[in-house]
Amino acid sequence: MNTILWLHGFPLTNAIFVKQLAIAGVEHVMPELPPLESMDDYARFAIGQLDLRGIEKATFAGLSMGGYICFAALRLFPERVSGLILVDTRETADTADGRKGRFEMIEKAEKEGVAPIAEAMLPKMLTPAAPPELRQFVRDVMMSTSREFVIAALRAMAARPDSSSLLPTIRVPTLVVVGEEDPITPPKDAERMASTIPNAKLVKLARAAHLSNVERATEFNAAVTQFQT
């Protein structure tokens, strides 16, 4: 049975993948990411999760920041990656303005905690048409993250390397998924990755923003199921 290792984004927890447990025929590993210093450290943590379970290879599925971890794992442990599912993410490093924004968020989190970060991110996670209960679910997930993880993740993302040169070397089956209304990593990012990774498949989900796996879970799960078969 194939294993999918689900790596969540920021400022989130592994609860953001609860709807993916409906995907049948695979073993799901959904670790909670701890506060670590770099994407390489997160990649080592991910491999450690497989080692704990005696799993030699897995499909690495990364949402947003989780995608950055996937690229780090490919650089450090290519023999452990049997496939890739890149969800609402990008391969490029932060711009200077992007890094500046990360450190402003770190300062805010240090002074005020997770709440202002969660409230600022929520409008980007879901489309305006998302039902109130889904919006509350995502807010609750973000509010359950620790200040330590939020700060560590921001620092790690700000320092992450550009992975553009890695894409043409990828030889494992790859699925790239993006919400058509994602304002954080818009469809152009997914299109660029899918056109650069050999034989990658691109799926754009209508009426979905940054959390396409949550907002369009049925369509997302169908795409992953088809990819796995």
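Two strands count as paired if DSSP finds at least two bridges between them. Keep that in mind as you walk through this predicted model.

**Stop 1: strand β4.** Select residues 81-87, which form β4. Six of the seven residues in this strand are buried. Now add residues 58-63, strand β3: it runs parallel to β4, and six bridges join the two. To see one of the matched positions, pick G62, whose bridge partner in β4 is L86.

On the way from β3 to β4, colour residues 65-76, helix α2. Together β3, α2 and β4 make a β-α-β unit, and the unit is right-handed.

Next, show residues 174-179, strand β5, which pairs with β4 in the parallel sense over four bridges. Here V87 stands opposite V177 of β5.

**Stop 2: helix α1.** Select residues 39-52. This helix of 14 residues reaches 20 Å from its first C-alpha to its last, close to the 20 Å expected at 1.5 Å a residue. Which residues of α1 are buried? They are M39, Y42, A43, A46, I47, Q49 and L50. These residues cover an arc of only 150° around the axis, so they sit on the same side of α1. An α-helix has 3.6 residues a turn, so residues three or four places apart point the same way. Show β1 (2-7), β3, α2 and α6 (147-158) as well, since they are among the elements that cover the buried residues of α1. Just after the helix, click G54, which takes a positive phi of about 70°.

**Stop 3: the nonpolar core.** The largest nonpolar core has 82 residues, and F60 and M65 touch the most other members. Centre on M65 and look for its contacts, which include H8, F10, L33, M39, Y42 and F149.

**Stop 4: some backbone surprises.** Most residues other than glycine have a negative phi, and most peptide bonds are trans. From F10, step to P11: the peptide bond between them is cis, with omega near -10°. P11 lies in the loop between β1 and β2 (26-29).

Then go to D88, in the loop between β4 and α3 (96-112). D88 is not a glycine, yet it has a positive phi of about 45°. Finish at N199, in the loop between α7 (187-196) and β6 (201-205). N199 is not a glycine either, and its phi is positive, about 60°. Is each one buried or exposed? D88 is buried, with a relative accessible area of 1%, whereas N199 is exposed, at 79%.

Methods. Residues are numbered from 1 along each chain as its sequence is written. This is a predicted model: local features need pLDDT of at least 70, side-chain atom pairs count only at pLDDT 80 or more; totals for chains, interfaces and linings use all residues. Side-chain values use heavy atoms; hydrogens and water are left out. Buried means under 20% relative accessible area, exposed over 50%, partly exposed in between (1.4 Å probe, protein chains only). A crossover is right-handed if, with the strands pointing away from the viewer, the path from the first strand over the helix to the second runs clockwise. The expected span of a helix is 1.5 Å times one less than its number of residues. The arc is that of the directions from the helix axis to the C-beta atoms. Contact means heavy atoms within 4.5 Å. A nonpolar core is a set of buried Ala, Val, Leu, Ile, Met, Phe, Trp, Tyr and Cys residues joined through side-chain atoms within 4.5 Å.
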